[in-house]
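Let's take a look at which charged side chains pair up in this protein, and then at its biggest pocket. Have the sequence and the 3D view ready.

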Amino acid sequence: YQRRVHGIIINMMALIRNLKRRPKGVFASSVANVIFTYARSVTSKPQKDQPPIDEVLINSKEEADEILNDILKPTKMILTPQQIVQILDKAIIGQEKAKRIVANAIRDKYRRSMITGPIKESIRPNNILIYGKTGTGKTEIFRQLAKACSFPFIRVEATKYSEVGYQGDDVVNIISDLYHKTLSENKAKVKAEIRKSHKLWSKIVDFEIQALHGIGAQKASEYTAARKELMESKLDSSLVTHNCLMKSYDAPKTATIRELTEELYKMQQDRLESFYTIEFATVRQIEENGIVVIDEIDKIVSDPSAVHNSVVSDKGVQNDLLPLLDGTVVPITHAPGRPKIDTRNILFVGCGAFETVKPTDLIPELQGRLPVQVKTEPLTKEDFVKILNKTEFNWIEKRRQMMLVDNVNLVVEEAAIWEIAQVAAEINQEEDIGARRLQTIIEAVLESVSFNAGSGQTMTDLLVTPEFVRENTKHLAKKVNYRKEILQQFT
């Protein structure tokens with residue numbers, strides 16, 4: 001009787017193979033898949049005792065939350081204001097007042113998280129308005145801060161938004177953009193750092209030992225020894241067979257421990273995503289630690305002295321920003337799980353040059369929701385020198401590393417750095433663009449050197465002197481002098 005049943009199943013498998021080659025519809029094909037899989041499981045050779053895959057995989061949302069929080073937790077949440085300023089000093093010169101205010105605002109987020117009781121809900125972040133000339137480091141302060149503290153961060157241009165009913169983006173899309181940006185970053189981080197979860201790694205090691213030797217096949221001492229070898233990657237080339245390696249309708253596949261580990265981590269990541277854990281963790285991150293920088297906010301302020309205003313509803317955009325800054329729940333459309341984000345604890349920062357208008361030209365309601373205001377100071381020649389030789393990854397060092405690729409060792413004298421700063425300060429007197437002027441000067445100084453590099457096979461030194469700087473930037477100075485002459489003729 002068993003032989004007859006076995007023969008029937010074998011014939012059924014052959015029939016199903018023919019069916020799958022010439023399917024007569026989606027339903028027939030699906031039925032064929034189910035029958036074929038069952039037949040394969042009945043006729044396949046019995047494997048030695050294998051650990052069930054569910055033992056190693058994440059099986060509950062609570063477990064997924066615990067693992068994900070361990071991966072995505074902020075790296076430097078408990079920084080003091082002094083430590084925050086030290087981090088900012090590595091990339092930004094000057095602006096001590098702005099740095100202190102921002103450091104206090106970030107520390108307040110941690111202080112609020114440690115408070116318990118009803119008073120916690122009444123504590124709100126102090127939104128900030130930073131204004132001053134372009135190129136003084138307004139936006140860079142928050143970009144460096146978000147990078148150092150792993151905070152959800154987005155910088156948006158105020159000019160891309162319009163009042164509801166007009167052509168242009170709605171301001172609530174700021175939160176939607178922040179969500180999608182942070183979610184993408186979190187998924188990439190989970191993929192890169194999922195191996196840092198000690199709990200997951202421990203479960204995978206136990207699973208692999210059982211897959212290698214069978215369930216309960218070892219004594220406690222042997223089990224400990226095998227676990228140590230796995231933890232030290234000494235068994236990576238060992239072969240193992242398990243159903244979790246089976247592809248489609250094939251028999252269980254034999255693979256190395258290293259390949260099994262890779263497959264298990266992929267399955268773990270799929271489990272995390274299946275629970276929408278990453279999505280919900282992203283919402284919590286944004287609500288607790290989110291930073292939104294609204295740049296060019298002065299461009300949505302109408303000049304009170306102007307007779308005609310070509311900007312569509314400047315005040316309308318300012319009014320639309322009020323609920324976000326005040327605290328509202330924003331639904332994220334076109335997102336799995338349809339999450340909603342409460343903005344009441346997000347730190348909002350307005351940035352702008354405010355050269356043609358003043359901060360007091362903002363509508364009073366928006367001024368009240370940006371209670372902390374600080375002005376950045378213009379950069380001096382001495383600040384330019386510090387930017388070029390004191391900041392981490394400064395423009396000169398970046399250019400030097402790039403020239404080394406073409407066998408050119410760039411050596412810049414200290415006096416040449418002062419000369420670059422002097423030229424930048426002189427040209428900025430005509431039109432002040434702050435530290436961005438330094439990049440213009442450096443590119444002008446090295447233009448011919450960069451163009452001619454790449455042909456030499458041996459390393460050569462290039463000494464940059466003050467005379468070399470002045471010679472290669474004199475055309476920039478001539479443009480400034482020419483403009484001054486024209487202005488003098490008409491005044």
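Searching the whole structure turns up 15 salt bridges, where a salt bridge is a side-chain nitrogen of Lys or Arg within 4 Å of a carboxyl oxygen of Asp or Glu. The model is a predicted one, so local features need pLDDT of at least 70 and side-chain atom pairs count only at pLDDT 80 or more, while totals for chains, interfaces and linings use all residues. Residues are numbered from 1 along each chain as its sequence is written, and side-chain values use heavy atoms, with hydrogens and water left out.

Here are three of the pairs:

| Pair | N to O distance |
|---|---|
| Asp-108 and Arg-111 | 2.8 Å |
| Arg-155 and Asp-295 | 3.0 Å |
| Glu-185 and Lys-181 | 2.8 Å |

Arg-155 sits in strand S2 (residues 153–157) and Asp-295 in strand S5 (residues 291–295), so this pair ties together parts that are 140 residues apart in sequence. Helices and strands here are DSSP runs, numbered from the N terminus (helices: H or I, at least four residues; strands: E, at least two).

The other two pairs each stay within one helix. Asp-108 and Arg-111 are three residues apart in helix H5 (residues 96–113), which means about one helical turn separates them. Glu-185 and Lys-181 are four residues apart in helix H7 (residues 173–193), again about one helical turn.

Buried or exposed? For this, buried means under 20% relative accessible area, exposed over 50%, and partly exposed in between (1.4 Å probe, protein chains only). Asp-295 is buried at 7%, whereas its partner Arg-155 is partly exposed at 31%. Asp-108 is partly exposed at 33%, and Arg-111 is too, at 39%.

Salt bridges can also link up: Asp-89, Glu-96 and Lys-99 form a network of them.

Now for the pocket. The largest one has a volume of about 1000 Å³. Of the 34 residues lining this pocket, the closest to its centre are Ala-91, Ile-92, Glu-140, Arg-143 and Gln-144. On a 1 Å grid over the protein atoms alone, a pocket is an open set of points where a 1.4 Å probe fits, with protein on both sides within 12 Å along at least five of seven lines; lining residues have an atom within 4 Å of a point. The volume is the space filled by probe spheres set on those points, which are joined across faces, edges and corners.

Which helix gives the most to the lining? That's H6, with seven residues.
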